[in-house]
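Biologist: Before we discuss particular residues, may I see the structure and its sequence together?

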2 protein chains.
Amino acid sequence: MKRTIVSLDYEKDTEELARYAKALSHPTRIKIIRYLAEQSVCFTGDLVEYLPLAQSTVSQHLKELRDAGLITGKVDPPKIEYCINKENWDNAGKLFSEFFALPVKNNKCSI
Amino acid sequence: MKRTIVSLDYEKDTEELARYAKALSHPTRIKIIRYLAEQSVCFTGDLVEYLPLAQSTVSQHLKELRDAGLITGKVDPPKIEYCINKENWDNAGKLFSEFFALPVKNNKCSI
DNA sequence: AATGTTTATCGCAAATAAACGATAATTATT
DNA sequence: AATAATTATCGTTTATTTGCGATAAACATT
């Protein structure tokens, strides 16, 4: 894309919130998180069975969540055990709850 | 992209949450929401001044937020007055808070 | 040493997103 | 009717995302 020359910089909170939102911007990834919360722990294979997607695709979605810090994987050869990263999860929850707690007037653009 | 033949269907809540998350997945859009909450109401032009982006780009970000239902525009020729759509905003907030309220065990994958 | 199991990564194709400038649309004012 | 002001939309370019199959990597078991 035609990018602006100067790299725009945002507040740290803004960047962080957007990053978490991006990780959650695909329904499959929401499902993965819900599944992980329910199971508390699972292997990639469990998710591949659970989701109607190719193994490589599921692995990629897991990577997105990993990169955002929302989940963690522990090697248990040859499997990988995934779970929600509680610390970052709580941090994300806090950011979103603060964001939605912004005081917003009950207007419809002064209608 | 090579899409799966069968269109995947997700829970309604899952789709909705992902849609909101996607709308918030860009730092500029987070900034716009914050600005709107502060100002309560503003015109496209105000945001174009506020943001270091071209008018057409700002307009596009506004469209994303509009399409997701998070903001509403009222015509006040030749300007357009934008504000946060309180009803949908509250709905989104509820969905996120429920999502992050999922019971998650404090594990690091059984480490 | 060879095999099997599981998962990540690579390489590709198609779709979508992000940015821009240019143009169209809308309405008030002249 | 023409002009000015404001904003949305169009067309283009480039980057990123989503999906897949194929392959590589890691380790246990045979």
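Biologist: Which residues are exposed on the other side of H4(B)?
Modeller: This is a predicted model. In H4(B), Val58(B), His61(B), Leu62(B) and Leu65(B) are buried. These buried residues cover an arc of only 100° around the axis, which puts them on the same side of H4(B). On the other side of H4(B), the exposed residues are Gln60(B) and Asp67(B).

Biologist: What covers the buried residues of H4(B)?
Modeller: The residues to be covered are Val58(B), His61(B), Leu62(B) and Leu65(B). Their cover includes helices and strands of chain B, namely H1, H2 (27–39), H3 (44–50), E2 (71–76) and E3 (79–84).

Biologist: How far does H4(B) reach from its first C-alpha to its last?
Modeller: Helix H4 of chain B runs over residues 55–67 and has 13 residues. At 1.5 Å a residue, 18 Å is expected, and the reach of H4(B) is close to this, at 18 Å.

Biologist: Which residue follows H4(B), and what is its phi?
Modeller: The residue that follows H4(B) is Gly69(B). Its phi is positive, near 90°.

Biologist: How large an arc do the buried residues of H4(A) cover around the axis?
Modeller: Helix H4 of chain A, residues 55–68, has 14 residues and reaches 20 Å from its first C-alpha to its last, close to the expected 20 Å. Its buried residues are Val58(A), His61(A), Leu62(A), Leu65(A) and Ala68(A). They lie on the same side of H4(A) because the arc they cover is only 125°.

Biologist: Against which elements do the buried residues of H4(A) pack, and which residues are exposed on the other side?
Modeller: The buried residues of H4(A) pack against H1 (12–23), H2, H3 (44–50), E2 (71–76) and E3 (79–84) of chain A. On the other side of H4(A), the exposed residues are Gln60(A) and Asp67(A).

Biologist: Why is H2(B) said to be largely enclosed by the rest of the structure?
Modeller: In H2(B), the buried residues are Pro27(B), Thr28(B), Arg29(B), Ile30(B), Lys31(B), Ile32(B), Ile33(B), Tyr35(B), Leu36(B) and Ala37(B). H2(B) is therefore largely enclosed by the rest of the structure, the number of its 13 residues that are buried being ten.

Biologist: Which residue takes a positive phi just after H2(B)?
Modeller: The 13 residues of H2(B) should span 18 Å at 1.5 Å a residue, and its end C-alpha atoms are 18 Å apart, which agrees. Just after H2(B), a positive phi of about 70° is taken by Ser40(B).

Biologist: At what angle do H2 of chain A and H1 of chain B pack?
Modeller: The axes of H2(A), residues 27–39, and H1(B), residues 12–23, are 8 Å apart. Their crossing is right-handed. The angle at which these helices pack is about 120°.

Biologist: Which residues make this contact, and how do they divide into nonpolar, polar and charged?
Modeller: H2(A) contributes Pro27(A), Ile30(A), Lys31(A) and Arg34(A). H1(B) contributes Asp13(B), Thr14(B), Leu17(B) and Ala18(B). The residues of this contact divide into four nonpolar, one polar and three charged.

Biologist: Is Tyr10(A) buried or exposed, and with which residues is it in contact?
Modeller: Tyr10(A) lies in the segment before H1 of chain A. With buried meaning under 20% relative accessible area, Tyr10(A) counts as buried because its value is 17%. Leaving aside neighbours within four places in sequence, Tyr10(A) is in contact with Glu15(A), His26(B), Pro27(B), Thr28(B) and Lys31(B).

Biologist: With which residues is Leu102(A) in contact?
Modeller: Leu102(A) has its place in the segment after H5 (86–100) of chain A. At 22% relative accessibility, Leu102(A) counts as partly exposed. Apart from neighbours within four places in sequence, the contacts of Leu102(A) are Arg34(B), Ala37(B) and Trp89(B).

Biologist: How far apart in space are Glu81(B) and Phe43(B)?
Modeller: Glu81(B) is in strand E3 of chain B and is buried, with a relative accessible area of 10%. Glu81(B) and Phe43(B) are 38 residues apart in sequence, while their distance in space, C-alpha to C-alpha, is 4.7 Å.

Biologist: Is the peptide bond from Pro77(B) to Pro78(B) cis or trans?
Modeller: Pro78(B) is found in the loop between E2 and E3 of chain B. With omega near -5°, the peptide bond from Pro77(B) to Pro78(B) is cis.

Key: Residues numbered from 1 in each chain as written. Chains lettered and ligands numbered in written order. Predicted model: local features only at pLDDT ≥ 70, side-chain atom pairs only at ≥ 80, totals over all residues. Heavy atoms only, no water. Axes fitted to C-alpha atoms, helices over the stretch in contact; angles between N-to-C directions. Helix = DSSP H or I, 4+ residues; strand = E, 2+ residues; numbered from the N terminus. Left-handed = near helix turned anticlockwise from the far one by under 90°. Contact = heavy atoms within 4.5 Å. Nonpolar A, V, L, I, M, F, W, Y, C, P; charged D, E, K, R; others polar. Expected span 1.5 Å × (residues − 1). Buried < 20%, exposed > 50% of the residue type's maximum accessible area, 1.4 Å probe, protein only. Arc of directions from axis to C-beta.
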